[in-house]
Amino acid sequence: MKKLTLLLLLCASSYFVMAQSIDFSKKTVSAFRTEKPIILDGILNEEDWQNAANAVDFIQNQPAFGAMPDQPTEVKILYDNTGLYIGAMLHDTKPDSILQELSQRDQLGNTDWFGLFIDAYRDGINGFGFIVTPANVQFDAKYSTMGEDEGWDAVWESKTQITPEGWVVEIKIPYSAIRFPKVDEQTWHINFGRMIRRLQQKNFWSPVNPQVNGFLNQAGYLTEVRDIKSPLRLQATPFVAIYGERYHDNNNNPVNSFGRSFNGGMDIKYGINDAFTLDMTLIPDFGEAQSDNQVLNLSPFEVQFNENRQFFTEGTELFNKGNLFYSRRIGGQPLHYGTVGSKLNEGETIVENPQQAQLYNATKISGRTTKGLGIGFFNATSGRSFARVRDAEGSEREIETDPLTNFNVFVLDQNLKYNSFVSLINTTVLRNGEDYDANVTGTVFSLRNKTNIYEFAGKGVLSQQYFKDDTQLGHSYNLNFRKIGGNWIYGLYYSEDSDTYNINDLGYLPNNNVRAFQGWTEYNVYKAFWKFNRGGVGFWNRYARIYNPDVYSDYGLNTYVWAETKGFWHLNIFTYHEPFVTYDYFEARTPGRFYRYPTNNNYGFEINTDSRKRFRVSVETNFRNFSETGRYRWNWYISPRYRVNDKLNFQFSIGTNNFGNDVGFVNRVNNNDTGSQDIIFGRRDQLTLENIFTTAYNFSQNMALTFRMRHYWSRVEYNSYHLLLENGGLADTNYAGNHNGNFDAFNIDMIYRWRFAPGSDIFIIWKNALLNFDEEAQLGYFDNLNGLFRAPNSNSLSLKVIYFLDYNNIVKSHR
């Protein structure tokens, strides 16, 4: 691994020579220095706006790449010692038809928008985006090889006006919001984009060709920005939060119990220099984060939850390199949460067993040098967790479920020419006491040719877990070659995870112990044909083996067709086939044992109607049939959305999974005759129904009330139990356990948010939560719903106030 990393870094140094050269064939626009104050009011009436150069002649990106836009756009750029000013005149012959739905910050509804995109280091990979709608809703994001990071937030200013000629946007991006080289004269990659929503027309100043891989690499240039300096970037957002909670349980005495708490903490952002930033959260509170979508998981694989905590979604693109960092591990479920029951003495019961560890603090340092070297360091600490148990006499004791734990991530990411890169990633988990520690080291690379059409990429990872008397080593690597540009694209891919490979102390890996060969090809058309604006067809197949023992596992092939109609409906039709028996080495939950999964075929489609319309609906379904009588899987999902006006909208989503005569693991039981354990499988019917209702009322671009209600119900009923044979087949058994049940998860998240000042918010949050599993009841959906709210549930009401403090603004106000 060390030799591979050294070789890649040596290649990087020779590959880097021309990484920052300028392509003189691209569009260029100059900025004009202003010495006069610019008042942001959506009116470009200051004299210096007339002195600035115009960026014009936008080109369509979609629906018809290369065509001229239906409406012209003019953009001008000013700058001073504090920031960059953008003034745009977005001409429109029908200003009364400009779509401008209100939404919360960082959410773009059914609306026009204007955006600028900056890549100050000209690496074609990393940059910033700032978007404004006619209703002055702001959206910002960071761009990297990991894609668009919508969780990144900066404090910047904008004003808009709708006029008889169209609409005007005026923006100020303070230098504290972006990072740029420390040089006398700046030359940046820059692009401007415009969406005309009623025409579904996306236009860019510097053409963005859908046949070319990448976005920032297709930008033009901003020149003549001279003698600017990155200011002292010191910002703090202290917060206070007050909680009141009621827990209701009909089985308790008293039925209702109440609690309250007061929390305070602070997030700090400090610019170490012009390129590197320190972010820190002290005694964090994430009360405004959306509740997790809990599910009934009968599979052998861990459920992966979304990260909804802002600190862990903002500016984490470096740490996500190689997919070795799963931030939900931090402040997540304690290490020994599931083993408390095995540590009980006779007569003891569990009184309390916290599901989340207490996070004390977290720190990020990240940035990129002028030579294109990105450096990231992440550190977080969580406290000890304890379960509380009680014996028959009422005496209580504590059982430690999680030690004091420190989490670290370190990343080096070198940009190379032609949008290539090489990265080194290390994650470490250190636990206090007798529990094991863990370390993962990996390298990721992507090498592209000059025309950005071909890519050779790969990854190599070594995992290490340090137990008291042993160290467990595991490895993973993959290599792939792809054609990534043009109408016809294709690729070959090989991956290998050893049976001891484990990154789950700070990463997420559903399973290891696999080798896989994959190949795919896809042909896309980006010009209008027949009744379609664009479309494509693709084929993918995968051959997999188990790493240990080295035996065949499965083969699958997938075909798909996608299209966008001229009415802007989006269609997708797909099939998936497993024509040979699959040897499933994971469902049995026992090393070396497997289940013979039958051949099967899956057919499905997805339709999304025109998003511009007041009423929109999404429909998705697929049906999977097996070569076993009566066995099938049928999923369907429908989600209508209705927009009452530009402030109020409703959306309802309902989906179901119906598994008939499905087969899966049930239990392991001791066999007194053989002295080993028998593996019990079951044939079961499982019906899952999920309903999600959301609504939002946006009072203004800075004030909104959102409501989200989710009910997830899953019923499992076993038809028969079977013994798993050594050859992977099933035999009759006299096992008679009961594993039927109903599972309910119900959540309400209602959040009022008012951004009363830049970067400053007031939240009022109501949350209701219910989780219930009944092993006895076999109810229909509506009978189950009638008894749902008799189950234990919790209600919490909280008030959280966040205030943004900027050192430069404070100094300026006291001059």
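This report covers the overall build and the nonpolar cores of a predicted model.

**Overall build**

The protein chain contains 5 helices and 46 strands. Its radius of gyration is 29 Å, close to the 28 Å that the globule rule gives for 815 residues, so the protein chain is as compact as a globular protein of that length. Other whole-chain values are listed below.

| Property of the protein chain | Value |
|---|---|
| Span of the C-alpha trace along the principal axes | about 95 × 60 × 55 Å |
| Exposed area | about 37,600 Å² |
| Distance between the mean positions of positive and negative charges | 6 Å |

Buried residues make up 51% of the 815. Carbon and sulfur atoms supply 55% of the exposed area. The charges number 78 positive and 89 negative. Among contacts with a separation of 6 or more, 63% join residues 24 or more positions apart.

**Nonpolar cores**

In soluble globular proteins, nonpolar side chains tend to be buried together. Here the largest nonpolar core holds 40 residues. Phe114, Phe130 and Phe192 touch the most other members. Several strands each supply at least two residues of this core, including β7 (113–119), β8 (127–132) and β13 (185–196). β5 (73–79), β6 (83–91), β12 (166–174) and β15 (220–226) each do so too.

What does Phe114 contact, leaving aside its neighbours within four places in sequence? Its partners include Phe130, Ile131 and Val132. Val75, Ile86, Ala88 and Leu90 are also in contact with Phe114. So are Trp167, Val169, Ile171, Phe192 and Gly193.

A second, separate core has 26 residues. Among them are Phe378, Val429, Ile503 and Leu506.

Terms used:
Residues numbered from 1 in each chain as written. Predicted model: local features only at pLDDT ≥ 70, side-chain atom pairs only at ≥ 80, totals over all residues. Heavy atoms only, no water. Helix = DSSP H or I, 4+ residues; strand = E, 2+ residues; numbered from the N terminus. Rg over C-alpha atoms; globule rule 2.2 N^0.38 Å. Buried < 20%, exposed > 50% of the residue type's maximum accessible area, 1.4 Å probe, protein only. Contact = heavy atoms within 4.5 Å. Areas by Shrake-Rupley, 256 points an atom, 1.4 Å probe, with all protein chains shown as cover. Lys, Arg positive; Asp, Glu negative; His and termini not counted. Charge placed at Lys NZ, Arg CZ, Asp CG, Glu CD. Core = buried A, V, L, I, M, F, W, Y, C linked by side-chain atoms within 4.5 Å.
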